[in-house]
Amino acid sequence: MGGDFAPEQVIKGAVSAINDPQCDFDILLCGPEAAVKEELKKNGYSGNAITVIDAPDLVAMDESPTQVLKTKPKSGLVTCVGLQKQGLAAASVSAGNSGAMMAACLMILGRAADVSRPAIACAVPTTKRQAILLDCGANVDEKASVLVDFALCGSVYAEAVMGYENPTVGLINVGEEEKKGGEVVQEAHQLLKQAPINFIGNVEGRDFIKGHADVVVAPGYTGNVMLKLMEGFYELAHEVFDGVNTEKAKKFDYLWDYRNHGGGLLLGLNGVGIITHGRADSVAIHHSLFTACKFAKAGVPAKIAEKLSAIKKD
């Protein structure tokens with residue numbers, strides 16, 4: 001029931017995913033049973049690969065995460081993450097209240113290798129290859145040490161999942177010089193220089209999309225602004241070049257359409273939590289489910305926990 005277009009687009013995306021010839025997973029839809037089943041009927045679905053789990057509590061997009069956990073244990077997102085904790089689900093996906101989803105994942109699944117806080121990691125196209133941007137909005141007002149944990153998580157993810165050998169890691173800043181930015185960012189720069197990662201220094205926004213780093217770390221506030229700005233840029237370009245059918249135009253359109261990248265993975269959890277856009281439509285939900293399945297099958301949380309434990313032990 002989470003998201004601007006729920007439950008219609010969420011359930012339409014689930015049906016689309018389950019009917020995809022490449023689909024090799026089942027789906028649990030957590031929400032008010034009668035409403036969810038009615039929407040499934042509208043989409044013409046009557047198979048047994050989608051199971052409805054009754055979760056009657058509704059969570060508004062502006063509700064306090066703490067209050068949601070205390071007062072709405074039968075909400076869809078809390079129920080979903082709880083099923084994962086019980087081993088009845090392999091991953092959890094939500095287009096709803098991202099703060100509540102992050103809090104539920106953190107409190108129910110727990111942190112990997114004593115990571116300070118989970119971060120939303122999003123794959124972003126660049127002129128060279130996909131890069132990872134984190135945090136994209138799970139946190140605000142982070143300490144410098146938290147940004148270092150983000151960098152460690154991102155580096156491990158890029159290596160273990162994306163296959164990047166010795167991935168380069170940059171810190172988003174207003175200039176390349178070490179003394180640029182606020183106190184927290186300056187302190188983070190010094191800590192990152194000593195961290196067991198391939199830190200290349202500060203990276204400016206324009207250089208990020210030029211592919212200057214495989215992993216780019218930013219405070220959650222900054223990362224979210226960057227992500228939304230890039231989405232707006234894509235939508236503008238999509239309108240301007242609407243009707244252009246060259247191969248380059250098609251490739252650009254596919255790469256920069258956020259719906260095709262399956263939401264952001266909460267890195268640093270003992271489980272798989274995917275937060276997709278609040279205005280996610282059925283296409284975004286479809287890809288988010290496939291992304292969640294990919295992460296679960298690849299054992300991403302275990303790989304990250306193992307590598308982070310080894311790094312922190314050294």
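Colleague: In this predicted model, what is the handedness of the crossing where helix 6 passes helix 7?
Modeller: Helix 6 and helix 7 (residues 183–194) pack with their axes 8 Å apart, at an angle of about 50 degrees. That angle makes helix 6 oblique to helix 7. As for the handedness of the crossing, it's right-handed.

Colleague: And which residues of helix 7 does helix 6 meet there?
Modeller: By class, that contact has 8 nonpolar, 1 polar and 1 charged residues. Helix 6 brings A144, S145, L147, V148 and A151. On the helix 7 side they meet V184, E187, A188, L191 and L192.

Colleague: Let's go to helix 4 and helix 5. Is helix 4 roughly parallel or roughly antiparallel to helix 5?
Modeller: Helix 4 (residues 76–85) and helix 5 (residues 98–109) have their axes 9 Å apart and pack at an angle of about 30 degrees. Angles under 35 degrees get the parallel label. So helix 4, relative to helix 5, is roughly parallel.

Colleague: How many charged residues does the contact of helix 4 with helix 5 have?
Modeller: Helix 4 puts in L77, V78, V81, G82, Q84 and K85, and these meet A100, M101, A104, C105, I108 and L109 in helix 5. The class count for that contact is 9 nonpolar and 2 polar residues, and the number of charged ones is 1.

Colleague: What about helix 1 and helix 2: which word describes helix 1 relative to helix 2?
Modeller: Helix 1 (residues 8–18) packs against helix 2 (residues 33–42) at an angle of about 55 degrees, with the axes 10 Å apart. Angles from 35 up to 65 degrees fall outside the parallel and perpendicular classes. That makes helix 1, relative to helix 2, oblique.

Colleague: Which residues of helix 2 make the contact with helix 1?
Modeller: The crossing of these two helices is right-handed. By class, the contact has 4 nonpolar, no polar and 2 charged residues. Helix 1 supplies E8, I11 and V15, while helix 2 supplies V36, E39 and L40.

Colleague: Is A119 buried or exposed?
Modeller: A119 lies in strand 4 (residues 119–124). Outside its neighbours within four places in sequence, A119 is in contact with L134, D135, A138, N139, F150, L265, L266 and L267. Its relative accessible area is 1%, and the cut-off is under 20%, so A119 is buried.

Colleague: N139 turned up in that list. What is the relative accessible area of N139?
Modeller: N139 has its place in the loop between strand 5 (131–134) and helix 6 (144–160). Not counting residues up to four places away in sequence, N139 touches M102, R117, P118, A119, F150, G220 and Y221. N139 counts as buried, with a relative accessible area of 5%.

Colleague: Which residue in the loop between strand 5 and helix 6 is exposed, with a relative accessible area of 71%?
Modeller: Look for a positive phi in a residue other than glycine: the value here is near 60 degrees. The residue sits in the loop between strand 5 and helix 6. With its 71%, the exposed residue is D141.

Colleague: Where is the place of N166, which also has a positive phi?
Modeller: Phi of N166 is near 45 degrees, and N166 isn't a glycine. At 51% relative accessibility, N166 counts as exposed. Its place is in the loop between helix 6 and strand 6 (168–172).

Colleague: Which residue follows L134 across a cis peptide bond?
Modeller: Omega for that bond is near 10 degrees. The residue lies in the loop between strand 5 and helix 6. The bond runs from L134 to D135.

Colleague: Now the rings. How is the aromatic pair of F233 and W256 classed?
Modeller: The structure holds 5 aromatic pairs. In this one the centres are 5.8 Å apart, with 85 degrees between the planes. Planes over 60 degrees apart fall in one class, so the pair of F233 and W256 is edge-to-face.

Colleague: Which partner of that pair counts as buried?
Modeller: The pair links distant parts of the chain, with F233 in helix 9 (residues 220–240) and W256 in helix 10 (residues 247–256), 23 residues apart. F233 counts as partly exposed at 42% relative accessibility. At 16% relative accessibility, the buried partner is W256.

Methods
Residues numbered from 1 in each chain as written. Predicted model: local features only at pLDDT ≥ 70, side-chain atom pairs only at ≥ 80, totals over all residues. Heavy atoms only, no water. Axes fitted to C-alpha atoms, helices over the stretch in contact; angles between N-to-C directions. Helix = DSSP H or I, 4+ residues; strand = E, 2+ residues; numbered from the N terminus. Parallel < 35°, antiparallel > 145°, perpendicular 65-115°, else oblique. Contact = heavy atoms within 4.5 Å. Nonpolar A, V, L, I, M, F, W, Y, C, P; charged D, E, K, R; others polar. Buried < 20%, exposed > 50% of the residue type's maximum accessible area, 1.4 Å probe, protein only. Phe/Tyr/Trp six-rings, centres within 6.5 Å; stacked < 30°, edge-to-face > 60°. Left-handed = near helix turned anticlockwise from the far one by under 90°.
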